[in-house]
Amino acid sequence: MSNLQIPLFESVETTHLAYGVVIFNKDKFLQVIEGLIDKSDIVNVKKEIFRIKEVIGFPQNDREGMLNIDSNGDTISLRKDVLISELNQILESQTLERAIYYLKRLVSGIRKIKTSKINDINLLRWKEYDEIITDSLWILDKRDTSGAHLGWYWGNFIPQIPHQMMLRYTKKEDWVLDPFVGSGTTLIECKRLGRNGIGIELNPEVAKKAKELIEIEYNKFNIISDVIIGDSRSVDIGQVLEKSRIKRVQLLIMHPPYHDIIKFSKDEKDLSNAKNTEGFLRMFGDIVDNVTPYLEKGRYFALVIGDKYSKGDWIPLGFYCMNEVLKRGYKLKSIIVKNFEETRGKRNQKELWRYRALVGGFYIFKHEYIILFKK
Ligand SMILES: C[S@@+](CC[C@H](N)C(=O)[O-])C[C@H]1O[C@@H](n2cnc3c(N)ncnc32)[C@H](O)[C@@H]1O
């Protein structure tokens, strides 16, 4: 890549744009593209498209100043690979009508932004969002350990979970509430994506460390992060929101203990210390009751939960918790099955577990759920 190209291709905040982007002078670029719509000859259209591709590859050939970014001018960032494929589609058109159809589609994706009420995905440029998962089976093989995501907390979730949920179910500057914030994964991700975040954590030491880590994450979008120490069953959420002069949040993310699989503390208010499954579900339900009034209607609640074994029987904690939420009037939107990272304890004991599974006739947990509800 020549030196001249470097300022034109840059990475911006979200991973979906972390691919190379080309920044155009919007008016100039539109002038060139719209000029082609009036051409009566497909050969000339294709010649011009070749030239645009050349400018993208070799900016020094930019005669019209399509890439001239003056301080007052409007700019448009387009993902380079998607744009190239759109230009190729025009080049491959067999008829002038088809080429013009693609040109018009390109123009409208630049002129207009079409988003829904719950996220910032520009549906006119949906191909730029291929990092957003839309399937119900998630096989994620690597934890994102960049920046403040250190992965130090046993029982945390991988940052890709809140990342995916926020991209699909929130807009910039929306508010996210996580009543089991643990090591702060959700709030670190909030900072990266420009969402305000409130987390509640029972264990003061864990909350303190989470706060320190959230603090070191760069606050590019100037958002608010608030970690409250307390029992999510009884924290006065209304009062917490009042501090930031808001009444509701736009996304709930909950990652409770999977009952007693990991004991997070000795505190009897900790869900991991519930005496039995019924007790655990009661405590979980109390938290759902406490936070539900503060979730905006029509918005989403993502519950991350796994099942467990007890005395050789499979306890479907995920479905039990799902039922608790459904009893409270939420609509079920999705049950996502996600592969499970090996816990540190089991990593070295793979063989032993396999042997035990063969002997005992059971299966080794390899998945957990992200259950999605709408209020
Ligand atoms: C599965 S972890 C959440 C991990 C978090 N998603 C992360 O990435 O670090 C569950 C957390 O809930 C906390 N917890 C348990 N009972 C609680 C309660 N009643 N109120 C608030 N937090 C609680 C535990 O201390 C633990 O940190």
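Before you start clicking, one cut-off: a residue counts as buried under 20% relative accessible area, as exposed over 50%, and as partly exposed in between. Keep in mind, too, that this is a predicted model.

**Stop 1: the whole chain**

Zoom out and show the cartoon. You should see 12 helices and 12 strands. Taken along the principal axes, the C-alpha atoms fill a box of roughly 75 × 55 × 40 Å. Colour by burial and 50% of the 375 residues come up as buried. If you turn on contacts between residues at least 6 apart in sequence, 72% of them join residues at least 24 apart.

**Stop 2: an aromatic pair**

Select phenylalanine 319 and tyrosine 369. Their rings make a tilted aromatic pair, 5.2 Å centre to centre with 35° between the planes. Phenylalanine 319 belongs to helix H10 (residues 317–327) and tyrosine 369 to strand S12 (residues 367–374), so the pair ties together parts that are 50 residues apart in sequence. Is phenylalanine 319 buried or exposed? Neither, going by the cut-offs: its relative accessibility is 34%, so it counts as partly exposed. Tyrosine 369 is at 7%, and therefore buried.

A search of the whole structure turns up 11 aromatic pairs. For another spot with rings, select Tyr309, Trp314, Phe362 and Phe365, which ring pairs link into a cluster.

**Stop 3: helix H12**

Now pick residues 350–360, which make up helix H12. This helix is hardly covered: of its 11 residues, the count of buried ones is 1. Show side chains for tryptophan 353 and arginine 356. The charged end of arginine 356 sits over the tryptophan 353 ring, 4.9 Å from the ring centre. Then step along to glycine 361, which follows H12 and has a positive phi, near 70°.

**Stop 4: the sheet**

Hide the helices for a moment. What is the strand order in the open sheet of 8 strands? Reading across, it goes S3-S11-S12-S8-S7-S4-S5-S6, with mixed pairing. The edges are strand S3 (137–138) and strand S6 (225–229), each of which pairs on one side only.

Select S7 (residues 249–254) and look to either partner. With strand S4 (residues 175–178), S7 pairs in the parallel sense over 2 bridges; here valine 176 stands opposite leucine 251. With S8, S7 also pairs in the parallel sense, over 5 bridges, and valine 249 stands opposite leucine 295. Check burial on S7 while you are there: 6 of its 6 residues are buried, so this strand is largely enclosed by the rest of the structure.

Bring two helices back. Helix H9 (residues 277–291) lies across S4, S7 and strand S8 (295–305), running at about 170° to S7. Over towards the other strands, helix H7 (residues 204–216) lies across strand S5 (196–201) and S6, at about 170° to S6.

**Stop 5: serine 225 and glutamate 217**

Stay with H7 and S6 and select serine 225, which is found in S6. Serine 225 has a relative accessible area of 29%, so it is partly exposed. Leaving aside neighbours within four places in sequence, its contacts are Leu187, Lys191, Gly197 and Ile214. Draw a distance from the C-alpha of serine 225 to that of cysteine 190, 35 residues away along the chain, and you get 8.1 Å.

Next, go to glutamate 217, in the loop between H7 and S6. Where does this loop residue fall, buried or exposed? Glutamate 217 is buried, because its relative accessible area is 12%. With the neighbours within four places in sequence set aside, glutamate 217 touches Gly147, Ala148, Ile188, Lys191 and Arg192.

**Stop 6: helix H4**

Finish with residues 96–111, helix H4. Its 16 residues reach 22 Å from the first C-alpha to the last, close to the 22 Å expected at 1.5 Å a residue. Light up its buried residues, which include Leu96, Ala99, Ile100, Leu103, Leu106, Val107 and Ile110. An α-helix has 3.6 residues a turn, so residues three or four places apart point the same way. To see what the buried residues of H4 pack against, add helix H1 (26–37), helix H2 (42–57), strand S2 (75–79) and helix H3 (80–91) to the view.

How values were computed. Residues are numbered from 1 along each chain as its sequence is written. This is a predicted model: local features need pLDDT of at least 70, side-chain atom pairs count only at pLDDT 80 or more; totals for chains, interfaces and linings use all residues. Side-chain values use heavy atoms; hydrogens and water are left out. Two strands pair if DSSP finds at least two bridges between them. Helices (H or I, at least four residues) and strands (E, at least two) are DSSP runs, numbered from the N terminus. Contact means heavy atoms within 4.5 Å. Axes are lines fitted to C-alpha atoms, for helices over the stretch in contact, and angles run from 0 to 180 degrees between N-to-C directions. The expected span of a helix is 1.5 Å times one less than its number of residues. Buried means under 20% relative accessible area, exposed over 50%, partly exposed in between (1.4 Å probe, protein chains only). Rings of Phe, Tyr and Trp (its six-membered ring) pair if their centres lie within 6.5 Å; planes under 30 degrees apart count as stacked, over 60 as edge-to-face and the rest as tilted. A charge sits over a ring if NZ of Lys or CZ of Arg is within 6 Å of the ring centre and within 35 degrees of the ring normal.
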